[in-house]
Each structure stands twice: as structure tokens, then as C-alpha cells.
Amino acid sequence: MRRAYDEELEQLHRKFYQMGCKVNEAIYKSIKAFVKHDKELAKGVIDEDKEINQFEHDLEQACIELIALQQPVTTDLRKIVTVMKASADLERMGDHAVSISKSTIRVKGNKRNTMIEGMISDAGEKIKKMGEDVLKAYVEYDSEKAVEIAKYDYLVDSLAHDIKEACIAEMKKDPELVLGATDYMMASTYIERIGDYITNISEWIVYFETGEIQELNTHNSYENL
Amino acid sequence: MATKTSKIKVQDLKLWYGDFQALHGLDLEVPEKKITAFIGPSGCGKSTFIKTLNRMNDLVENCRIEGKVELDGKDIYGSKTDINQLRKKVGMVFQQPNPFPKSIYDNIAYGPRTHGIKKKAELDEIVERSLKQAAIWDEVKDYLDRNALSISGGQQQRICIARALAVEPEVLLMDEPTSALDPISTAKIEELVSQLKQDYTIVMVTHNMQQASRVSDETAFFLNGHIIEHADTRKIFTNPDQEETENYISGRFG
């Protein structure tokens, strides 16, 4: 019986990884579409979000059944909880990719600013790397790496902060940029949130390995107001 | 669940021990090559019911039965039924391991011999195959002449399963096959049962709900001689339709 149970756990693991790859791809495409003004690519991201949601649904269903039928304890329990919680984070990351894609489609001949778009592209590269790294840490159950990845979140935060400042400065210079820059600010906020979800996933990797639920990166301080 | 064929079909089965009615019109279909678990509190009729599936109840005095039990579409209570053939097709394993006080080899060869197999080579082959199927060959292959009562309880139970498999049954009835065993032996039997369903239809009575949830494909919940609910095991253990099922499974009963 243990063998069948182990296979099901292994399948959870694989499915979570597949979902993660899909989400990373969606994020990458959504940012690429945003800075390249590629509406077709953005539509593709929105269409494919259904698959991501289905992944989450299937994983949740499988976790619930394993809990009910196998009464998991110790490592098995932590594995299932990790997948359940982290898949919800992945799903939210996918939703943010959809939001970025929607603003790509919404834009109609707004004035643009290549400098800020370059900054968004840079933030996108950072988040892409973080997303790939966190999946790797998950697959290897490497909590040390997970802690490292969470530390990088401040880089994404500060990039998002810089984008906001740049938007405000450019808008002051050129009011015609207001419409476009509003979308830039939103996109940077989405990217920043994606970083937070990656941090959450890191926390679940740490939980899996150590059994401790700990916050790796908190924003609940009065710094950087 | 994909399309399934019913191996056993029970219709409106009623059973009395003297004046006492133990089963009240049961209907049930047992899917082929799946594991069906019967759960329910003591005295609910699940063991009585499993015994009707190969007419073990014939041996009980004052036991009267009404209704139909079909195996592959043929009523096993019909006048044409050959009981020996029926029990060859529908084997049984009991709660207490009950090997014969004979050698391991003779335990396994017992059934095939009664069905007329005499050649040593043929019997050797059956013994080896059955012991392998019961996942105990490696543990006993060098001691086949040892008395079957001299090995551990968990091993004895697997000998009994091998003995049941030796006559090549199609259905295996198991009445609480692990309740007398320790967790390690229990895990071995559960593993074995989940392997056996590739070739056999298995019906298992268990008091251990976790066992039902771990190994079975379908679960039937018995109460006071009625089947309250019978469904996919995943459904029974995550969202049963009946309140009694819910209460029993979650330990809120009574």
C-alpha cells in the first residue's frame, strides 16, 4: 500500500513542478508582451491561465483525497501541506501575469517611455530568475536555497520602487505620459507582488524541510514608507 | 471511475438466524478486479453478508436466506450450483490465521489435491506460484516442510492467502484479514491485497476504517443489517451522502 501512496505523493510533486513551469512561463511572456506591446502574446497568457487554474484545482483535489484516505503524518503530511499552500501561491502568481497581460491589451496608442519600459523589463528578468530558482529549490527540497531566494525579493521591491519614482518624475515632465505611466506603475506593482508570492513559496519549502512555519520577508515595518 | 463490470450482483438479500433477521434486503454490486471494503460496527451484518457470497452460511444451523446472489450472472443459490466449484471460484481468508497443522507445502497443495491434481511437478509449481503471489515465497522457500503453525502470525496469514490462491479463485473474500496482526504484517498484507486486485476481485470486511480508506476502491457502510451507503471510497471518506456514514467514519457514532 505504501508503494501506491508513495507514487501518489511523487505525482503531486511532479504536478506541482509542471504547474510552476507553466506559471513562470506565463509571467515571462506577460512581461515580454508588455514591453514589446505584443497583444497576441498577452492574449495567449490570458487563455492559458485556465490551465494553471486547472492544475491548482487538481492538486487541491489530490491533496484532500490523500489526507482523507491516507491520514498522512510527518514528512508525508508536510509534503502535502506544502503542495496545497504553495500551489495557491503559484495560482495567484498566474493571476498577476493575467493582470499584466490585460493592461498590455488595454493600451491603445498611449504615449510610451522606453527608459521605464527598460526598467520593467529588468524587473521582469529578476522575477523570472527568482521563479525558476524557487522551483528548483522546491524540486530539491533545498531550504537553504529557498532562504537565499527570499532575500532577493528586496531587489525586486527596490526596482518596483524605482519604477514608481521614475514614472512620477516623467509624468511631471510630460503630462501626456499619465495614461501609459499609470499602467507602468500597475505592472511594477504586479511584479512586486509576484516576488512576494515567490517568498511565500520559499517559506513553504523551509516548512517542508524543517517543520517550522516562518516568515522570510516581512513588509510590516515602518521602513520604506 | 471508468466503466466497470460487476463480478457479483446481490439483489434483495434477506437472511435470518432462526427468528432473528440479520440482513434486511441488501442490494449490492461488487465490481470485478477491484477491492470492495465493508465497514460498520460489530453486529451490523457485514461478516454475515460476506459469508453468503460463497455460501459459508450453509454451515450455520437455522440460517435461512431469501433473495439472489449472482456470480457472473448465475445465481449461486440456484439448484444447479456445485458448492465445491463455487468455493473454488470464491476463496476465503479469515480473521485468525488458520493454517492446517501440516507442512507449509501441504497447506498450499491441499486445495489443488482435493481438486484432483496429483503430479508432484505440477503441485510444486502451484505451491511456488501461490507463495510468490502471496509475497511470502522468499521467506519460506527453504522451509517448505516446516509446520505452518510454527511461523509468525503475519506469515501464517500470508500462507492462508497463498492457500486460497492455489486453487485459482476469481474472487477472494477476506474477513478482517489483518485484525490479529501487528502493523508491519498488516502493511504487508495491505500491499499484497493491492497487488492482487490486478487478477482477483476482492471483498474485504474490516473494522479498521483507515484500512478501508487506504486499500479499497469502493466502500459499503453497513448498519443494523442494512447497507446505508455504497460508493467510491474517495467519496465515502471525503463527502458521504448519508449522515450515519459521516457519523460512523468520523467517530461521532452513537
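Contact here means heavy atoms within 4.5 Å. The model shown is predicted.

**View 1. Met93(A) and the residues around it.** Neighbours within four places in sequence are left aside in this view. Met93(A) is then in contact with Val23(A), Asn24(A) and Ile27(A). Met93(A) also contacts Ile194(A), Tyr197(A), Ile198(A) and Ile201(A).

**View 2. The largest nonpolar core, with 58 residues.** Met93(A), Ile120(A) and Ile127(A) touch the most other members. Helices of chain A that give two or more residues to this core include H1 (2-36), H2 (39-70), H3 (74-106) and H4 (114-139). Helices H5 (143-151), H6 (153-173) and H7 (178-210) of chain A do so too. H7(A) gives the largest share, 14 residues.

**View 3. Another core, of 34 residues.** This core lies apart from the largest one. Among its members are Ile35(B), Ile161(B), Met204(B) and Val215(B). In soluble globular proteins, nonpolar side chains tend to be buried together.

**View 4. The fold of chain B.** Chain B holds 10 helices and 10 strands. Its C-alpha trace spans about 55 × 45 × 35 Å along the principal axes. The radius of gyration of chain B is 18 Å, which agrees with a compact globule of 254 residues, since that would have a value near 18 Å. Of the contacts in chain B between residues at least 6 apart in sequence, 69% join residues at least 24 apart.

**View 5. Inside and surface of chain B.** Buried residues account for 50% of the 254 residues in chain B. The accessible surface of chain B is about 11900 Å², and 45% of that belongs to carbon and sulfur atoms. Chain B carries 33 positive and 37 negative charges, whose mean positions are 4 Å apart.

Key
Residues numbered from 1 in each chain as written. Chains lettered and ligands numbered in written order. Predicted model: local features only at pLDDT ≥ 70, side-chain atom pairs only at ≥ 80, totals over all residues. Heavy atoms only, no water. Helix = DSSP H or I, 4+ residues; strand = E, 2+ residues; numbered from the N terminus. Rg over C-alpha atoms; globule rule 2.2 N^0.38 Å. Buried < 20%, exposed > 50% of the residue type's maximum accessible area, 1.4 Å probe, protein only. Areas by Shrake-Rupley, 256 points an atom, 1.4 Å probe, with all protein chains shown as cover. Lys, Arg positive; Asp, Glu negative; His and termini not counted. Charge placed at Lys NZ, Arg CZ, Asp CG, Glu CD. Core = buried A, V, L, I, M, F, W, Y, C linked by side-chain atoms within 4.5 Å.
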